[in-house]
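Welcome! Please take a look at the sequence and the structure below, and keep both at hand while you work.

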Amino acid sequence: MHDDELLTVAEVMARLRLGRSTVYDLIRTRRLPSVTIGRCRRIPASALSAFIAEQMERAA
């Protein structure tokens, strides 16, 4: 996974094994940063990695 890669919501859903509404809720609450390009929502791979690291830190 490249840090500059932009992921679709569906790709994030697959990687986190979460539903669409949960991913959009993470975006809405700004826990998972995203960008909008035209009408498309994209999540930077680095933001997903940071989110996962944060969750792992909280669980420890």
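Four exercises follow, each with a worked solution.

This is a predicted model, in which local features need pLDDT of at least 70, side-chain atom pairs count only at pLDDT 80 or more, and totals for chains, interfaces and linings use all residues. Residues are numbered from 1 along each chain as its sequence is written, and side-chain values use heavy atoms, with hydrogens and water left out.

**Exercise 1. Work out how the strands pair and in which sense they run.**

Step 1: Begin with the terms. Helices (H or I, at least four residues) and strands (E, at least two) are DSSP runs, numbered from the N terminus. Two strands pair if DSSP finds at least two bridges between them.

Step 2: Take β1 (residues 6–8) and β3 (residues 40–44), which pair in the antiparallel sense over 3 bridges. Here L6 stands opposite P44 in β3.

Step 3: Turn to β2, which covers residues 35–37. β2 and β3 are antiparallel too, joined by 3 bridges, and T36 faces R41 in β3.

Step 4: Look at the link. β2 and β3 make a hairpin with 2 residues between them, and G38 in the turn has a positive phi of about 65 degrees.

**Exercise 2. Find the largest nonpolar core and the helices that supply it.**

Step 1: A nonpolar core is a set of buried Ala, Val, Leu, Ile, Met, Phe, Trp, Tyr and Cys residues joined through side-chain atoms within 4.5 Å. Buried means under 20% relative accessible area, exposed over 50%, and partly exposed in between (1.4 Å probe, protein chains only).

Step 2: The largest such core has 14 residues, and those with the most contacts inside it are V9, V12, V23, I27, L32, I43 and L48. At least two residues of this core come from each of α1 (9–16), α2 (20–28) and α3 (45–59).

Step 3: Zoom in on L48. Leaving aside residues up to four places away in sequence, L48 touches L7, V12, R15, L16, L32 and I43, where contact means heavy atoms within 4.5 Å.

**Exercise 3. Locate the salt bridges and say how exposed their partners are.**

Step 1: A salt bridge is a side-chain nitrogen of Lys or Arg within 4 Å of a carboxyl oxygen of Asp or Glu. By this rule there are 2 salt bridges.

Step 2: One joins the side chains of D25 and R28 (2.4 Å, N to O). These partners are separated by about one helical turn because they sit 3 residues apart in helix α2. D25 is partly exposed at 30% relative accessible area, whereas R28 is exposed at 58%.

Step 3: The other joins E54 and R58 (3.0 Å, N to O). Both lie in helix α3, 4 residues apart, about one turn of the helix. E54 is partly exposed at 35%, and R58 counts as exposed at 59%.

**Exercise 4. Examine the phi angles of R17 and R30.**

Step 1: Recall the background: most residues other than glycine have a negative phi.

Step 2: R17 has a positive phi, near 55 degrees, and is not a glycine. R17 lies in the loop between α1 and α2 and is exposed, with 76% relative accessibility.

Step 3: R30 also has a positive phi, about 65 degrees, although it is not a glycine. R30 belongs to the loop between α2 and β2 and is exposed, at 71% relative accessible area.
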